Amino acid sequence: MYISHAQPHHFDVIASSEPTSDTVEVSPSKSFDDDNMVMHPAKQHSHRSYSFGRYFKSTRYKGLKMAQLLCAIYILVMTFRYYPNGLIDPSAPLGQWRIVDVWNPENTAAGVIQLEGDPLGPKRAVVAKDRISLVCLAISRISAFTMYPCIFLVFMTKCKATINFLMTTPFSLYMVHDQHELHSFCGKFLAIDVWVHTFFHCLRWGVQGNIDLLWTNITGITGLVALLACVLVCLPMMVQKLMQLMSYEVRKFLHITFFYIFAVAMCYHNKTSAWPNGGYNQVMLGFCIVYYTLDAAYVIFFMTEMIETTVFNVLPSGVQMTLAVSDNFQKAYAQGGYGYVCLPWVSKNQWHAFSLFEHPSNPNLRQVFMLNVGNWTKEVHAQLQRNTVRPAWIQGPFVSPYNNALAFDNTICVATGIGIT
């Protein structure tokens, strides 16, 4: 379904329920995570052609890109200043800069430095003895610090309870409506950026004869773990062939589990003792891990309820669910939105997202329509041979990215499936 606000000689599409992986909102007639979803051709093209060039040419998310630019400038300034304010050897003349351990030549030969000559201090693998190494170090550190805003947003865009709350405050005026699209945007950047970061670190270590740091130094070990985890997080959600080969439940399990592994590995990638020349991982990633976990726990315990007398109306094309939700559910989000549905008599481990719509005559009721097209929805339809009442779990409601359509007087809706009712 498309929702558009009309202006003279202009139509601006602000909502689409075409089954794309970049869209949270789904049609009332279809779950967005059914196994046989087919990506829209336009979206397929955008996935194949994603690059850093397209990233920076895009006019979207200017605030995010400005934050990344500031992070890049910060770490360049902090790196290429003379010690103790930076990492450059104070005895090195201009044009012959180098980063070495001035207290211990053996550390320099091994590719590490210990600031202030502390033999018990962390060994930082940042030695750069020539221009090529300095350039590699600069690129790897810029790529690291431009990750910070994206990592933060990847976590925060999935804090559903927090987003629900913020959307009821004036902060919503400045928030992105489609949080999942922002999540996907940041995830694609991270999927490429981790390889850039790793490549230039390894290139510098190889040029200087210290490639063993990849498996002997904590920075190399945790970086390798984070890289492999990132592959398992991103590729099953980005590569169409993998999306078709792997069930949604498997992909979601990999996505969440290995992102936790990625975040924990990043916490140990550098120490807070490196501050202010780095050392932000433990603070920033630690905060994100704890906050996201608490938000998810809140959703599970306070935004999830079982409806024992869910009414199922079976139609040839699908199933309509009618749920008598609690007062808290109604107050959480007055109109629209989406929720996750679990039918334990089909599968206890599967939660599928559907748009919610209000009953026309009873505000205490919410309805969902499941089009009989996916593996899970087909199983639901097969088990329900007639109209019946069965228990169902509902989690939500969550803010729809397209509820801003209510801000316009002229709305054009083009729908299939159940149509406009």
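**Exercise 1. Work out whether Arg98 and its salt-bridge partner are buried or partly exposed.**

Arg98 counts as partly exposed because its relative accessibility is 27%. The scale here is: buried under 20% relative accessible area, exposed over 50%, partly exposed in between, using a 1.4 Å probe and protein chains only. Before going on, note that this is a predicted model, where local features need pLDDT of at least 70, side-chain atom pairs count only at pLDDT 80 or more, and totals for chains, interfaces and linings use all residues. Residues are numbered from 1 along each chain as its sequence is written, and side-chain values use heavy atoms, with hydrogens and water left out.

Next, the partner: Arg98 forms a salt bridge with Asp89, with 3.0 Å between the closest N and O atoms. (A salt bridge is a side-chain nitrogen of Lys or Arg within 4 Å of a carboxyl oxygen of Asp or Glu.) Asp89 has 4% relative accessibility, so it counts as buried.

**Exercise 2. The structure holds two salt bridges; describe the one made by Glu358.**

Start with the pair: the side chain of Glu358 meets that of Arg366 at 4.0 Å, N to O. Then check each end. Glu358 is partly exposed because its relative accessibility is 28%. Arg366 has a relative accessible area of 4%, so it is buried.

**Exercise 3. Find what surrounds strand β5.**

Step one is burial: five of the five residues of β5 (residues 338-342) are buried, so the strand is largely enclosed by the rest of the structure. (Helices are DSSP runs of H or I with at least four residues, strands are runs of E with at least two, and both are numbered from the N terminus.)

Step two, take the faces in turn. Tyr338, Tyr340 and Cys342 are buried on one side, and Gly339 and Val341 are buried on the other.

Step three, look for partners; two strands pair if DSSP finds at least two bridges between them. Four bridges link β5 to β6 (residues 352-355), running antiparallel, and here Val341 stands opposite His352. Strand β9 (residues 388-398) is also antiparallel to β5 and joined to it by four bridges, with Phe398 opposite Tyr338.

**Exercise 4. Trace the polar partners of Thr222.**

First, place the residue: Thr222 sits in helix α10 (residues 218-238). Thr222 is buried because its relative accessible area is 8%.

Now follow the side chain. The side chain of Thr222 reaches the backbone oxygen of Ile218 at 2.7 Å, and a polar contact of 3.0 Å joins it to the side chain of His269. (A polar contact is a pair of N or O atoms within 3.5 Å; within protein, one must be able to donate a hydrogen and the other to accept it, and residues adjacent in sequence count only if both atoms are side-chain atoms.)

Finally, the neighbours: leaving aside residues up to four places away in sequence, Thr222 touches Ala265, Tyr268 and His269. Contact means heavy atoms within 4.5 Å.

**Exercise 5. Show which residues Asn372 touches from its loop.**

Asn372 is in the loop between β8 (365-371) and α15 (375-383). With a relative accessible area of 26%, Asn372 is partly exposed.

Skipping residues up to four places away in sequence, Asn372 touches Pro316, Ser317, Gly318, Thr377, Lys378 and His381. Take Gly318: it is 54 residues from Asn372 in sequence, yet the two are 4.5 Å apart in space, C-alpha to C-alpha.
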